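Thank you all for coming; I would like to take a few minutes on one protein model, and please do interrupt with questions.

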Amino acid sequence: MKKKGITGAPQDKIVNAITSFALYGFPESHAASFALLSYASAISEMSLTSAAFTAALLNHQPMGFYHPRPL
């Protein structure tokens with residue numbers, strides 16, 4: 001910002017706004033994404049047979065922190 005001539009109070013205000021949003025926006029976006037994935041998974045599970053749902057789920061691994069086969 002210094003190269004663009006933004007210093008002092010305006011610079012502090014911009015940094016504060018970015019920091020404030022980062023504390024809120026990052027968890028909020030993850031929560032919204034998880035809600036959408038949960039909804040889509042529930043709809044898929046209801047509309048597909050159990051075998052088809054399980055096969056689709058396993059074909060999209062790795063899908064997070066959990067391995068499809070218990071170790």
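I will begin with the model as a whole and then turn to one helix and a surface patch.

This is a predicted model, in which local features need pLDDT of at least 70 and side-chain atom pairs count only at pLDDT 80 or more, while totals for chains, interfaces and linings use all residues. Residues are numbered from 1 along each chain as its sequence is written, and side-chain values use heavy atoms, with hydrogens and water left out.

The protein has 2 helices and 0 strands, these being DSSP runs numbered from the N terminus (helices H or I, at least four residues; strands E, at least two). Of its 71 residues, 4% count as buried, where buried means under 20% relative accessible area, exposed over 50%, and partly exposed in between, with a 1.4 Å probe and protein chains only.

Helix H1 covers residues 8–47, and its 40 residues reach 58 Å from first C-alpha to last, close to the 58 Å expected at 1.5 Å a residue, that expectation being 1.5 Å times one less than the number of residues. H1 nevertheless bends by about 30° at Ala22, the angle between axes fitted to the seven residues ending there and the seven starting there.

Gln11, which is found in H1, lies 7.1 Å from Met1, C-alpha to C-alpha, although the two are 10 residues apart in sequence. Ile14, also found in H1, counts as partly exposed because its relative accessibility is 34%.
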